[in-house]
Amino acid sequence: MDDPNFRTEEEPVCVAWQRFVQTILGIAMLIVTGFMLHFYAPPATRDLEQQVSQLSRQVDQLKQEQAMPAMVLNRYRNSICYILGIYRVGRPGQKPAIRARVSGTGFVVADGLLATNRHVAEPWYRDSEAEALIKQGATPQLEKLIAFFPALSTPVNITPVVFSAHGDLAVLEIEDAKTIHQLPPLPLAESVPNPGELVAVIGYPMGVLGMVAKSPPAVYDRLALRNDDQGAANELAALSLIRPSATYGHLGDVVGDKLIYDAPTAHGGSGGPVFNAHGQVIAINEAYIDGFSGGTLGISVESLRPLIAAAQKPAARPATNRSAN
């Protein structure tokens, strides 16, 4: 004979267990259905998902490209300097046949070391008039070569250490390196860029004139007609107005160690870094072709690496005529 009390105790437990099993089975069916919908969705649904994903990636890339010039300028501005020099070519005891100023851009590549163009560090390089005088016995000489950094109120002396034997590149030593230790070297790209990629060029196009032109009105009125570039640069430095400019465009072609891009530049921008969309230096700005906006030329950082390595060797300093391949 059944005990009614015993049956009354067990019935709620059986019902609860059945409901638990049903719930588990329901969840399992939902999970299986989700997987089936994901992996066996109609082709049109998958194509739409792929299109949305691709569009999202393109938008993210566009945002990155638009923000890149401002990002590299703000992040690396203080490591990019304005270079000013005076040189002469002549015979000892005679008035120099050439005495001129040179200006350009340089950037920190290692502790106490700058990279720039050879024609900035050695201004008579590829100068037909100067080379003709040198062949006739004249001697070239740098009277002064200094660098103005945005974060410093006074210039620092710089000395050429290594020149490229076959290209327009040079590495220089910052003589007062203690004041430069806080400036981070710019990151050099590890891979060769592809045509079509976005590039940004940072430098000092038009030199002092360019910086004076974008200075506040009171400073502009005082310096606009001054012919003393160093005096004007000293005043700009004291007022924290040594500020590089950024232009951007696209890489048109890569031929050997030459990069061709349409980011505009001008005299004074020689030696500036050329960045890719990831904020890495891919080239050193070298020259531009008059009358052709797409013809700005740079030299790949692959040609710069051996010079940096040579300059870091103790034997390389303070020699000024050392060359490296």
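## Exercises on a predicted model

Serine 240 sits in the loop that runs between helix H7 (229-238) and strand E8 (245-255). The model is predicted.

**Exercise 1.** Find the phi of serine 240, then decide whether serine 240 is buried, partly exposed or exposed.

*Solution.*
- Step 1: phi of serine 240 is near 60°, a positive value in a residue other than glycine.
- Step 2: the relative accessible area of serine 240 is 49%.
- Step 3: buried means under 20% and exposed means over 50%, so serine 240 at 49% is partly exposed.

**Exercise 2.** Locate arginine 126 and give its phi.

*Solution.*
- Step 1: arginine 126 lies in the loop between helix H3 (118-121) and helix H4 (128-135).
- Step 2: phi of arginine 126 is about 65°, which is positive although the residue is not a glycine.

**Exercise 3.** In what order do the 6 strands of the barrel close?

*Solution.*
- Step 1: the order is E7-E8-E9-E12-E11-E10, with antiparallel pairing.
- Step 2: on average, neighbouring strands of this sheet are turned by 45° against each other, direction ignored.
- Step 3: take one pair, strand E10 (residues 273-275) and strand E11 (residues 281-288), which is antiparallel over 3 bridges.
- Step 4: in this pair, proline 273 stands opposite isoleucine 284 in E11.
- Background: strands of a sheet pair through backbone hydrogen bonds.

**Exercise 4.** Describe the surroundings of threonine 116, starting from strand E3.

*Solution.*
- Step 1: strand E3 covers residues 113-116 and includes threonine 116.
- Step 2: threonine 116 counts as buried because its relative accessibility is 0%, and buried means under 20%.
- Step 3: the side chain of threonine 116 reaches the backbone oxygen of threonine 105 at 2.7 Å.
- Step 4: beyond neighbours within four places in sequence, the contacts of threonine 116 include Thr105, Gly106, Asp168, Ser270 and Ile284.
- Step 5: Ile284, one of these contacts, is also the residue that proline 273 stands opposite.

**Exercise 5.** Which residues does methionine 68 touch, not counting residues up to four places away in sequence?

*Solution.*
- Step 1: methionine 68 belongs to helix H2 (residues 43-76).
- Step 2: the relative accessibility of methionine 68 is 1%, so methionine 68 counts as buried.
- Step 3: methionine 68 touches Leu198, Val199, Ala200, Phe275, Asn276 and Ala277.
- Step 4: methionine 68 and alanine 277 are 209 residues apart in sequence, yet 6.0 Å apart in space, C-alpha to C-alpha.
- Step 5: Phe275, among the residues touched, falls in strand E10 (residues 273-275).

Terms used: Residues are numbered from 1 along each chain as its sequence is written. This is a predicted model: local features need pLDDT of at least 70, side-chain atom pairs count only at pLDDT 80 or more; totals for chains, interfaces and linings use all residues. Side-chain values use heavy atoms; hydrogens and water are left out. Helices (H or I, at least four residues) and strands (E, at least two) are DSSP runs, numbered from the N terminus. Buried means under 20% relative accessible area, exposed over 50%, partly exposed in between (1.4 Å probe, protein chains only). A polar contact is a pair of N or O atoms within 3.5 Å; within protein, one must be able to donate a hydrogen and the other to accept it, and residues adjacent in sequence count only if both atoms are side-chain atoms. Contact means heavy atoms within 4.5 Å. Two strands pair if DSSP finds at least two bridges between them. Axes are lines fitted to C-alpha atoms, for helices over the stretch in contact, and angles run from 0 to 180 degrees between N-to-C directions.
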